[in-house]
Amino acid sequence: MSTSTRRHEHVVPVVEELQRRLPKLSDIRQQQGDGKEYFGGQQDAEAAEDESPFEFHALEVVLEAICSYLVARTTELEMVAYPALYELTSKISSRNLDRVRKLKSAMTKLTARVQKVC
């Protein structure tokens with residue numbers, strides 16, 4: 001699988017979530033009779049009180065998606081790392097050392113990606 005295909009697979013869910021959670025451009029900020037602006041189609045108190053700009057809502061969705069992705073990758077790496085470390089402590093071998101070295105490299109890369117978000 002090419003790098004661009006993998007990137008595309010990670011972008012599509014974010015775009016879909018943006019489309020689901022953010023109102024359509026035509027629905028944004030309909031004028032009401034009292035002169036106040038509200039998100040179209042949303043009548044609850046939270047929508048009426050939330051006057052944050054569209055960009056903040058979009059940024060929130062994107063950051064949530066990025067954090068969810070990084071949490072999932074961390075969980076996957078932990079599920080592989082702990083058994084590998086246990087195996088290394090049980091039997092020190094070149095194979096086990098190489099496996100742990102690769103996992104450490106993956107963890108270092110993941111840590112760098114997390115620090116970019118923070």
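Here are a few friendly notes on the structure above.

1. This is a predicted model, in which local features need pLDDT of at least 70, side-chain atom pairs count only at pLDDT 80 or more, and totals for chains, interfaces and linings use all residues. Residues are numbered from 1 along each chain as its sequence is written, and side-chain values use heavy atoms, with hydrogens and water left out.

2. Start with helix α4 (helices are DSSP runs of H or I, at least four residues, numbered from the N terminus). α4 has 24 residues and spans 35 Å from its first C-alpha to its last, close to the 34 Å expected at 1.5 Å a residue; that expectation is 1.5 Å times one less than the number of residues.

3. Which residues of α4 are buried? They are Asn-96, Val-100, Leu-103 and Leu-110, where buried means under 20% relative accessible area with a 1.4 Å probe, counting protein chains only. Their cover includes α3.

4. The largest nonpolar core (buried Ala, Val, Leu, Ile, Met, Phe, Trp, Tyr and Cys residues joined through side-chain atoms within 4.5 Å) has eight residues, among them Leu-70, Ala-84, Val-100 and Leu-110. Both α3 (54-90) and α4 (94-117) give two or more residues to this core, and α3 has the largest share, with five.

5. Take a look at Ala-84: leaving out residues up to four places away in sequence, Ala-84 touches Arg-99, Val-100 and Leu-103. Touching here means heavy atoms within 4.5 Å.

6. Finally, Ile-66 sits in helix α3. Ile-66 is partly exposed (between 20% and 50%), with a relative accessible area of 32%.
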